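Colleague: I have a few minutes before my gel is done. Can you walk me through this model?

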Amino acid sequence: MGRGYIAAAILLACLSQVRGQGILCIMTHCLTEFTQCSFDSECMSILNCLGDCEPTDAECSFTCGMGGEAGKNPHFVNLLKCMVANDCMDKYAESGECLATDAQALDITDYDQVAGDWWTVWGQSCGQEDEHGVWAGAYDWYPCSHARFFQVEEGEWINNTTYCAGSDSVCAGDPLVTAPQVYWSSPGVLRHDYPQSEAPVIPQIEDWKWLWISGDWSIVAWCGSNPMLEYNGAFVLSRNRSDGTIPAELEPEIREQLELYGMSLDTMCLTDSTNCVVSP
């Protein structure tokens, strides 16, 4: 018991977002889960990564989870579940603002209208502060961000999403892949439901609200949540890799559509995907 207790105390120091009463809460409710994590090198690696994050930096924590495949580590998952269930961690502040309602989405439920490849070109969540709040995480600025919607066995659809850590079109690591199940929760709203293996804290849901589609271009506002965080964004997507150039005949309409939801193309962040490899 002594060695396990000491190891658990060391692990507590690794979690930058745990303070004061949170430590007492974990020691009271989650000591077994901490002890098990202490003897798992992968679980320790995840916690060490989290220990380098600022308490308010949700992007850093997100990257630790995805890069370390935290959702596939049973000891880390059990620990995090225990902490969430017993309110041992404070929620992060909301990132940005949900910019569209479900009722504003297009009246579509046909997967064929969105199936295939979509590259992020211009994004709303870029780490800035504006009238919508602080867009912490810069979730729409991940380099080489690419979505591919297709059908798998038993009729289910997934979004095979690839991207890499970094910003301003520069990758800071190897490509990451997620593949949430997707389904229409209402017309025009494609819900992304992440499995436990890809989201350490579940349920993790993202609703992609398709607001405008014309040829190879589209506008999507998305709103996501899990028990620790509400996070939002929006992007202009293209079916082809892009340097940000929008066809001249579409740019006025895209600008007009963005303004309807409180966005401006001039303040969005560009992701130049012209040098990105085709996603797996």
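Modeller: We can go through the overall make-up, some helices and then a few single residues.

Colleague: Fine. What kind of model is it?

Modeller: It is a predicted model.

Colleague: How many helices and strands in the chain?

Modeller: The chain has seven helices and 14 strands. It runs to 280 residues, of which 50% count as buried.

Colleague: And what share of contacts join residues at least 24 apart?

Modeller: Taking contacts between residues at least 6 apart in sequence, 63% join residues at least 24 apart.

Colleague: On to helices. At what angle do α4 and α6 pack?

Modeller: The angle is about 50°, and the axes are 8 Å apart. That angle makes α4 oblique to α6. The helices span residues 41–51 for α4 and 74–85 for α6.

Colleague: Which residues meet there?

Modeller: From α4, Cys43, Ile46, Leu47 and Leu50; from α6, His75, Phe76 and Leu79. By class, that contact has six nonpolar residues, one polar residue and no charged ones.

Colleague: Which residues of α3 are buried?

Modeller: Leu31, Phe34, Cys37 and Ser38, in a helix that covers residues 31–38. Those buried residues lie on the same side of α3, because they cover an arc of only 125° around the axis.

Colleague: Why would residues spaced like that point the same way?

Modeller: An α-helix has 3.6 residues a turn, so residues three or four places apart point the same way.

Colleague: And α7, which residues are buried there?

Modeller: Ile254, Gln257 and Leu258 are buried in α7. They line one face of the helix, since seen down the axis they fall within an arc of 100°. The face turned away from that buried side carries exposed residues: Pro252, Glu256, Glu259 and Leu260.

Colleague: What covers the buried ones?

Modeller: The cover includes three strands, β11 (205–214), β12 (217–226) and β13 (229–238).

Colleague: Take Ile254 from that set. What does it touch?

Modeller: Not counting residues up to four places away in sequence, Ile254 touches Trp212, Trp217, Ile219, Val236 and Ile246. Its relative accessibility is 0%, so Ile254 counts as buried. The C-alpha atom of Ile254 is also separated by 9.5 Å from that of Ser214, 40 residues apart along the chain.

Colleague: What happens to phi just after α7?

Modeller: Gly262 sits there and takes a positive phi of about 75°. The backbone oxygen of Gly262 is reached by the side chain of His132 at 2.9 Å.

Colleague: Where is His132, then?

Modeller: In the loop between β2 (129–130) and β3 (133–134).

Colleague: Buried or exposed?

Modeller: His132 is buried, because its relative accessible area is 13% and the cut-off for buried is under 20%. Apart from residues up to four places away in sequence, His132 touches Gly96, Glu97, Leu99, Gln124, Tyr261 and Gly262.

Colleague: New topic. Which residues other than glycine have a positive phi?

Modeller: Ala138 is one of them, with phi near 45°. Cys144 is another, at about 55°. For background, most residues other than glycine have a negative phi.

Colleague: Where are those two?

Modeller: Ala138 lies in the loop between β3 and β4 (146–151), and Cys144 is found in the loop between β3 and β4 as well. Ala138 counts as buried at 10% relative accessibility, and Cys144 counts as buried at 18%.

Colleague: What about Ala136, how is it classed?

Modeller: Ala136 lies in the loop between β3 and β4. It counts as partly exposed, because its relative accessibility is 27%. Leaving out residues up to four places away in sequence, Ala136 touches Ser95 and Ser125. The C-alpha atoms of Ala136 and Tyr92 are separated by 9.9 Å, and those residues are 44 apart along the chain.

Colleague: Last one, Thr271. Where is it?

Modeller: In the segment after β14 (269–270). Thr271 counts as buried, at 0% relative accessibility.

Colleague: What is Thr271 in contact with?

Modeller: Leaving aside neighbours within four places in sequence, the contacts of Thr271 are Thr120, Val121, Asp140, Trp141, Tyr142, Pro143, Cys144, Ser169 and Ser242. Cys144 in that list is the residue with the positive phi of about 55°.

Colleague: Good, back to the gel.

Note on methods:
Residues numbered from 1 in each chain as written. Predicted model: local features only at pLDDT ≥ 70, side-chain atom pairs only at ≥ 80, totals over all residues. Heavy atoms only, no water. Axes fitted to C-alpha atoms, helices over the stretch in contact; angles between N-to-C directions. Helix = DSSP H or I, 4+ residues; strand = E, 2+ residues; numbered from the N terminus. Parallel < 35°, antiparallel > 145°, perpendicular 65-115°, else oblique. Contact = heavy atoms within 4.5 Å. Nonpolar A, V, L, I, M, F, W, Y, C, P; charged D, E, K, R; others polar. Buried < 20%, exposed > 50% of the residue type's maximum accessible area, 1.4 Å probe, protein only. Polar contact = N/O pair within 3.5 Å; in protein donor to acceptor, adjacent residues only side chain to side chain. Arc of directions from axis to C-beta.
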